[in-house]
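Here are a few notes for the bench. Please read them with the structure open.

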Amino acid sequence: GPLFERLIGALHGHPKLHAGTTTSAYRNKASYLLGDEFPGQNPMCDPVLNRVAACLQRLAAAAGGGCEGPAWVQVDLKLTRTGDVGVKLLLRGYAAGDPTPWLATLLSDCHEVKSVCVQPCPVGSKEKPAKSPWDPRYVDPIPVHGPPYVIELAPGPEGCPGVPFRLSHDAFSEVNSSAEDAMFKHVFKWAAKLRSECPRLALMGRNSGFYGLALQRELKFDEVRGCTHCPQTAADAEASIEMHAGTDWLPGGSETFKFTRISKSGFFTQMKALAGGPPTIVHVTNNRHGLADGVVEALAENSVIRAVVYNSCNHKCLPREWTQLCAAGFEVVEFSSSDLLAGTEFDSSIFLLLRRPRTLILPIGPPASGKSALARGLASAGAAWGEVIEPRKGSAASRGSDLVEVFERDRRFSQERAGPGGLRCAKARTHAALLAALDSASRQTSSVFYVDSTNGACSARAAYRDALGPERVVFLLLGLDGLQEDTAEQAVLQRVLERHRSSKCPAHELRQWEDVARDGLGPKIRRLLQAVEAPQAEELRAAGDRSEAIEVLSCGTLPSEGDLEALVWRLFLLICCPVLYRIEDPPVLPLLRSAPAVCLGDGPRIALCFLTSQRAASRPSCGSPLWNDVAWEWLAGDFERQRGEPFDAAFRVFRHDDSPSGALPPAGFLARGSRVPSVPTERATLSLVLAELRLVRAALEAGCDFVALLSESCLPLCSLVSLREELLTRGRSVVQYHFCRGGHQRLFGIRYGALQWKVWHRREALLLASLDEAALADRWRPLEAGLSKYNLAPDEVTLVNELLDRVGALEAVCERRPTTHVEWDDDAAAVAADAASGGPRHARVFEGVPEAAWAARSASGTLFCRKVAPMSSSALDAWKRRLIGTGGGGTATTAFAPPPRSVVSAEQE
């Protein structure tokens with residue numbers, strides 16, 4: 001459809017999505033004709049390649065054009081990241097063993113040359129051997145100096161050298177190291193976020209060998225698979241895997257990284273073979289014609305494929321492929337174009353596809369406000385605005401494509417009118433059919449369901465959400481301004497009549513309005529307008545409490561055709577390309593004067609709960625319970641500068657402190673909050689759980705939506721604006737839980753363990769607040785000594801397992817990632833002291849935020865660094881710069897796109 005064509009241009013042309021580099025095009029790989037057709041200096045190529053080519057041209061001229069020896073035809077050069085050059089000469093009439101008098105001069109003048117091969121060309125013709133090693137006309141090059149390959153480095157994480165790998169003369173390599181590094185930075189970041197969810201990596205295509213090694217060294221997947229149809233590339237990959245076999249990141253060599261040479265049509269088979277295995281990240285690379293036949297279908301159908309990293313060197317094939325992939329439930333969540341092939345007709349890019357959350361779209365508006373037009377435009381990706389969407393076979397819903405399910409309520413009602421029982425029974429059957437369609441869609445993990453109806457009743461909208469169980473709800477508010485005004489009825493009536501006269505008006509609408517025309521359209525429209533209940537903040541907040549992400553798109557007046565086109569584009573981006581939806585400026589539409597309050601500043605939302613206590617005897621002397629009170633004060637001021645609203649409008653601060661000074665009024669940042677009734681606490685005991693529950697209950701009583709549990713030593717790794725937006729946008733608890741060992745599960749009757757510091761969503765916090773403390777003591781206090789023996793603590797197992805008993809597996813309600821960065825003290829004395837006390841190990845105290853904490857923020861979304869000692873002025877300034885960047889203005893640059901929903905079940909773990 002046209003929207004996919006438009007999407008490709010919008011993505012490749014957006015400056016925020018371009019990984020610009022200082023070099024472009026074919027910098028480190030080039031071919032030069034020799035002799036009379038020598039092209040001279042190539043400005044796109046690295047100067048080293050031009051110099052080696054010029055030397056060979058001089059040698060070709062000295063050889064006399066083949067009069068007394070082989071004729072010099074062409075040279076292919078490769079420049080490695082370390083500055084070595086591989087040379088493949090095409091000589092007509094050369095045979096193995098022939099003298100090479102020119103070689104000494106080449107090596108003397110060009111010290112970079114480490115490998116030289118000659119590829120013979122047939123005598124008596126102008127033909128050259130085939131370029132591709134899998135082509136039957138390919139001729140194997142003959143080594144004349146060094147091995148028939150060079151040692152290249154794969155791209156590495158920023159600032160780190162890459163993994164060495166073998167690179168033969170005709171094996172694939174990227175043509176521009178600078179652009180490749182810019183792309184790989186994104187690949188690594190995306191894969192790192194998904195690593196905990198996906199233990200297997202599968203790579204398909206010509207770069208699967210060295211990309212697989214590069215990712216495996218950093219992320220240590222349980223299993224890696226790779227394949228290509230190029231014999232040289234496959235041989236290089238197998239040799240490179242053997243080079244690194246036995247390392248800590250490739251312990252099993254070819255058993256850990258299983259590489260297969262396949263036929264050119266074998267990619268589909270490799271993709272299908274992933275079925276039944278663990279959740280997998282797949283990396284694919286297209287050619288100039290797109291992905292190989294069958295690969296897109298296999299990606300779409302294989303449920304173990306949770307993420308697709310797509311390396312594209314040709315944008316022209318993407319609309320067709322994305323039509324299939326988005327229809328199958330994928331969405332483009334990250335994207336970056338590059339200068340890899342600048343100066344050619346091809347746009348190069350890298351992007352990440354994830355399975356989209358199940359989505360419910362609820363348009364709310366009077367008749368003729370464009371609800372059906374939007375449904376048809378979205379379902380057909382912009383191809384069929386005016387066409388009636390035919391029913392899907394065997395379903396009560398309709399669709400124009402697989403992109404979205406559309407239930408046209410009026411059309412179904414028109415059909416049911418022919419049945420028995422009159423209007424009442426027809427309405428009941430229509431409603432039952434809608435609920436059945438929603439129930440059917442609820443069994444599809446990435447479905448998008450559009451209810452094409454007025455959707456004016458709040459109770460009906462709640463019933464639709466209950467039936468579908470969506471992870472995302474889109475409220476589409478159309479023409480709701482002034483519905484009760486005298487002019488509203490006339491405006492809607494005019495729209496209805498215009499639609500009735502249109503040749504695009506569906507037959508069921510013609511019959512519907514002909515029925516009411518006899519009694520007059522006015523009363524019918526008046527009743528419809530009076531029945532529309534615009535959603536209020538309470539309804540939207542209630543949806544969010546059900547773990548549904550909420551999006552609101554609105555047009556205050558009855559939309560024009562231009563407004564509808566803008567809205568369908570935004571809807572399309574929301575379900576197909578969230579990365580562009582996030583950064584593209586929204587269209588300018590008529591404002592809804594009575595818009596529901598869904599802005600992030602709507603009341604106190606995030607509770608910052610500090611568990612400070614007498615037990616923290618090793619607290620540094622800093623004059624405040626908070627180790628870095630000055631930094632927290634600066635964060636509050638920075639939030640107010642950025643948002644233009646008081647800190648207290650968005651955050652509430654609570655503290656639990658059972659120390660002798662805890663009852664005294666605090667100074668600094670904690671003076672913004674309140675103290676909860678304390679309980680005496682001891683390290684690694686149930687008392688910490690009871691203290692946490694006091695904080696949770698206080699936060700709920702204050703109306704907070706999230707409860708962040710912190711120690712006095714915690715320091716954020718992002719601005720408070722970013723922290724708040726990240727939590728509210730994602731809408732889930734954040735807990736670094738794990739599945740306990742089988743022996744621990746049987747011994748203590750537990751399934752989960754978790755880090756002490758976490759963020760609770762209001763939904764889970766309400767369940768925890770209702771726990772009976774006496775019952776908790778009866779169950780968990782007898783286990784304290786046994787838990788401590790195995791380096792476990794009640795505050796790490798109690799609440800997550802109580803939650804398990806009430807809601808089931810945590811995967812469904814919690815994001816599995818750490819909220820705090822912590823490192824354990826490995827000092828021999830500290831370890832010995834911990835062992836002697838019989839308690840869990842102590843955490844290391846940092847002098848300033850360590851680099852590892854910033855890396856954890858980037859890779860896994862860690863929110864805070866724990867045990868940061870009171871910072872010096874220079875350390876404080878360095879921390880601020882990392883939060884706001886060098887441009888000033890208080891705009892946080894340390895951002896994190898939250899990882900996808902958990903995809904590893906307890907049984908799989």
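1. A term first. A cavity here is a set of grid points where a 1.4 Å probe fits but cannot get out, and a residue lines the cavity if it has an atom within 4 Å of such a point. Keep in mind that this is a predicted model.

2. How many cavities of 30 Å³ or more are there? The count comes to 2. The largest has a volume of about 90 Å³. The second largest has about 70 Å³.

3. Start with the second largest cavity. Its lining includes Asn28, Arg81, Glu152, Leu153 and Pro155. Phe165, Ser173, Glu174, Ser177, Glu180 and Phe210 also line this cavity. Two elements, strand E7 (149–153) and helix H4 (177–194), each supply at least two lining residues. By class, the lining has 4 nonpolar, 3 polar and 4 charged residues.

4. Now the largest cavity. Which residues are closest to its centre? They are Phe165, Phe210, Thr233, Asp236 and Ala237, out of 14 that line this cavity. Note Phe165 and Phe210: both are also in the lining of the second largest cavity.

5. Where does the lining of the largest cavity come from? Strand E8 (164–168), helix H5 (208–219) and helix H6 (231–243) each give at least two residues. H6 has the largest share, with 4 residues. The lining of the largest cavity splits into 7 nonpolar, 4 polar and 3 charged residues.

6. Next, a helix pair. Helix H12 (residues 422–441) and helix H13 (residues 458–468) have axes that come within 7 Å. The axes cross at roughly 40°. From H12, the contact uses His431, Leu434, Leu435, Leu438, Asp439 and Ala441. From H13, Ala463, Tyr464, Ala467 and Leu468 take part. What is the make-up of this contact by class? The residues divide into 8 nonpolar, 1 polar and 1 charged.

7. Last, a single histidine. His761 lies in strand E29 (residues 759–761). Is His761 buried or exposed? His761 is buried, because its relative accessible area is 4%, and buried means under 20%. The side chain of His761 also reaches the backbone nitrogen of Arg763, at 2.9 Å.

8. Places to look at in the model: the lining of the largest cavity, including Thr233 and Asp236; the contact of H12 with H13, with Tyr464 among its residues; and the side chain of His761 beside the backbone nitrogen of Arg763, at 2.9 Å.

Methods: Residues numbered from 1 in each chain as written. Predicted model: local features only at pLDDT ≥ 70, side-chain atom pairs only at ≥ 80, totals over all residues. Heavy atoms only, no water. Axes fitted to C-alpha atoms, helices over the stretch in contact; angles between N-to-C directions. Contact = heavy atoms within 4.5 Å. Nonpolar A, V, L, I, M, F, W, Y, C, P; charged D, E, K, R; others polar. 1 Å grid on protein atoms, 1.4 Å probe; cavity = no way out; pocket = protein on both sides within 12 Å on 5 of 7 lines; lining within 4 Å. Points joined across faces, edges and corners; volume = space filled by probe spheres on them. Buried < 20%, exposed > 50% of the residue type's maximum accessible area, 1.4 Å probe, protein only. Polar contact = N/O pair within 3.5 Å; in protein donor to acceptor, adjacent residues only side chain to side chain.
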